[in-house]
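Me: I'm new to this structure and would like a close look at one part of it, the place where two helices pack inside the main core. Could you walk me through that, with enough background to find my way?

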Amino acid sequence: MLPELLKKKSFFFHLYKIDKQIAEQYRAMPCPFCGDRLYFANYFRKPRGEPDGFPKEYFKRFSLCCDNQDCRRLVIPPSCRFMGRKIYWFPVIISVVSDIQGSILETGKFDPSGYLDISRNTLKKWLNFFKNIFPLSAQWQSIRGQVSANVKNNELPASLLNHFLNAKSSIKDGLSACLKFLSKGFEIGVKIRAGEVHAEDDHGLLQLNNL
Ligand SMILES: [Zn+2]
């Protein structure tokens, strides 16, 4: 059921609008390092897994840079669309991993055949990440307390996604809320000095970037 939603451009536009709104909130805040003004320094990403005919604008990664010449740090706002530098869209990763986890619970088997565009190896890396790395990560620990204890650490992200699907009236709103929630955790460690390292190569996201 979830993958159907991922074939809709309107869903990605919905996430784009959420990202834009969050970025504008960050833009209105002072630089977290020196207190100076932040301005937009957006760039384009090219993840995989979107519907055909996707407008270029949807690939825009909102990013901010400090106006102070002595600081010049980048501030990367949380995103519902991009998961670090993953090669697939964030909603694709969360939906597909949750779907596979559900079928493993049901059948006891890992069956990658329904996800023809994504390699078996990539799927296994995602499953391993959410089983063995993410539950122990600072990213998850920083937001864990904000959701019900019924969300199971050993069934992430499926258990978290179900939590939001149950709380919302549509799959679109449930998945969006889940992504927005997770993005808050991935905000850690993405503020670095412009020009020194790529924004999302920072140590806080290294584990995510190895997927
Ligand atoms: Zn600054």
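Reply: Let's start with the vocabulary: helices (H or I, at least four residues) and strands (E, at least two) are DSSP runs, numbered from the N terminus. Counted that way, the protein has eight helices and six strands. Their order from the N terminus is α-α-β-β-β-β-β-α-α-α-α-α-β-α. Keep in mind that this is a predicted model, where local features need pLDDT of at least 70 and side-chain atom pairs count only at pLDDT 80 or more, while totals for chains, interfaces and linings use all residues. Residues are numbered from 1 along each chain as its sequence is written.

Now for the inside. A residue is buried if 20 or more other C-beta atoms lie within 10 Å of its own, exposed if 12 or fewer, and partly exposed in between, with C-beta atoms placed from the backbone. Of the 211 residues, 31% count as buried. A nonpolar core is a set of buried Ala, Val, Leu, Ile, Met, Phe, Trp, Tyr and Cys residues joined through C-beta atoms within 7 Å. The largest one here has 28 residues, and Phe90, Ile93, Ile94, Val97, Leu161, Cys178 and Leu179 are those with the most contacts inside it. Helices H2 (9-27), H3, H4 (120-133), H6 (158-167) and H7 (171-185) each give two or more residues to this core, and H3 gives the most, with seven.

Two residues are in contact if their C-beta atoms, placed from the backbone, lie within 7 Å. Leaving aside neighbours within four places in sequence, Leu161 is in contact with Ile94, Ser98, Leu175 and Cys178.

So here's your helix pair. H3 and H4 pack at an angle of about 85°, with their axes 10 Å apart; the axes are lines fitted to C-alpha atoms, for helices over the stretch in contact, and angles run from 0 to 180 degrees between N-to-C directions. That makes H3 roughly perpendicular to H4, because angles of 65 to 115 degrees get that label, with under 35 roughly parallel, over 145 roughly antiparallel and the rest oblique. At the meeting point, Ile93, Val97 and Ile100 in H3 face Leu123, Trp126, Leu127 and Phe130 in H4 as contacts. The residues of this contact divide into seven nonpolar, no polar and no charged. Here Ala, Val, Leu, Ile, Met, Phe, Trp, Tyr, Cys and Pro count as nonpolar, Asp, Glu, Lys and Arg as charged, and the others, Gly among them, as polar.
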